[in-house]
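Work through the exercises below with the model open. Try each task before reading its solution.

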Amino acid sequence: MAEADLPAVHALEQVLFPDDAWTMDMLRGELDDQPRTRHYVVAELAGDRPGELVGYAGLAAAGGQADVQTIGVRPDRRGSGLGAALLTELLDEAARRGSDAVFLEVRADNAPAQRLYERFGFERVGLRKRYYQPSGVDAIVMRLVLRARPPVGFSGEA
């Protein structure tokens with residue numbers, strides 16, 4: 001994702017998340033940290049309408065942990081595998097950056113997204129009550145362990 005993509009991303013963001021869409025300033029702020037701690041990608045059509053934005057996704061990664069910031073797929077492209085492709089790119093980037101685990105929040109009322117994350121091996125690890133505002137919808141916190149860390153510290157043996 002580049003600065004030139006922001007108007008199309010913002011327009012899609014407002015369609016997908018009307019109650020809690022990110023502002024242009026928020027999106028721009030995420031891009032400002034790319035590539036240091038952020039990785040944002042867009043999906044565009046090929047063929048008859050090349051360059052038309054149909055999806056986007058973003059990852060924050062630092063200190064061995066990554067967080068899926070957002071995934072958005074245009075409604076007429078849902079069920080096509082695009083969300084899975086975007087998530088795969090984010091997970092690959094988390095691995096390239098040496099992350100041990102990837103976390104995310106998903107709306108409790110978004111069953112299709114929850115199923116996607118579960119298919120990839122994410123597990124529910126928490127609940128954030130009334131996380132999404134102004135709607136007050138809960139967020140389910142999910143985690144995918146990418147690699148197990150060896151024990152660190154004292155072994156207890158003398």
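**Exercise 1. Strand pairing and sheet order**

Task: find how many bridges join strand β2 to β3, then place both strands in the sheet.

Solution. This model is predicted. Start with the pair: β2 (residues 53-62) and β3 run antiparallel, joined by eight bridges. Check the register next: Gly 55 is opposite Val 73 in β3. Now widen the view. The sheet is open, has six strands and follows the order β1-β2-β3-β4-β6-β5, with mixed pairing. β1 and β5 (123-132) each have a single partner strand, so each edge strand has one side without a neighbour in the sheet. From one strand to the next, the twist averages 20 degrees.

**Exercise 2. The faces of α2**

Task: determine which residues of helix α2 (residues 24-32) are buried, and what they pack against.

Solution. List the buried residues: Leu 27, Glu 30 and Leu 31. Look down the axis of α2: these residues fall within an arc of 100 degrees, so they line one face of the helix. Turn to the face pointing away from the buried side: Asp 25 and Asp 32 are exposed there. Finally, find the packing partners of the buried residues: α1 (6-16), β1 (38-44) and β3 (65-73).

**Exercise 3. Arg 107**

Task: decide whether Arg 107 counts as buried or exposed, and trace its contacts.

Solution. Locate Arg 107 in strand β4 (residues 101-107). Its relative accessibility is 16%. The cut-off for buried is under 20%, so Arg 107 counts as buried. Next, take the side chain: Arg 107 makes a polar contact with the side chain of Asp 109 at 3.0 Å. Then set aside neighbours within four places in sequence: Arg 107 contacts Asp 20, Gln 114, Tyr 132, Ser 135, Val 137 and Asp 138.

Technical notes
Residues are numbered from 1 along each chain as its sequence is written. This is a predicted model: local features need pLDDT of at least 70, side-chain atom pairs count only at pLDDT 80 or more; totals for chains, interfaces and linings use all residues. Side-chain values use heavy atoms; hydrogens and water are left out. Buried means under 20% relative accessible area, exposed over 50%, partly exposed in between (1.4 Å probe, protein chains only). Helices (H or I, at least four residues) and strands (E, at least two) are DSSP runs, numbered from the N terminus. The arc is that of the directions from the helix axis to the C-beta atoms. Contact means heavy atoms within 4.5 Å. A polar contact is a pair of N or O atoms within 3.5 Å; within protein, one must be able to donate a hydrogen and the other to accept it, and residues adjacent in sequence count only if both atoms are side-chain atoms. Two strands pair if DSSP finds at least two bridges between them. Axes are lines fitted to C-alpha atoms, for helices over the stretch in contact, and angles run from 0 to 180 degrees between N-to-C directions.
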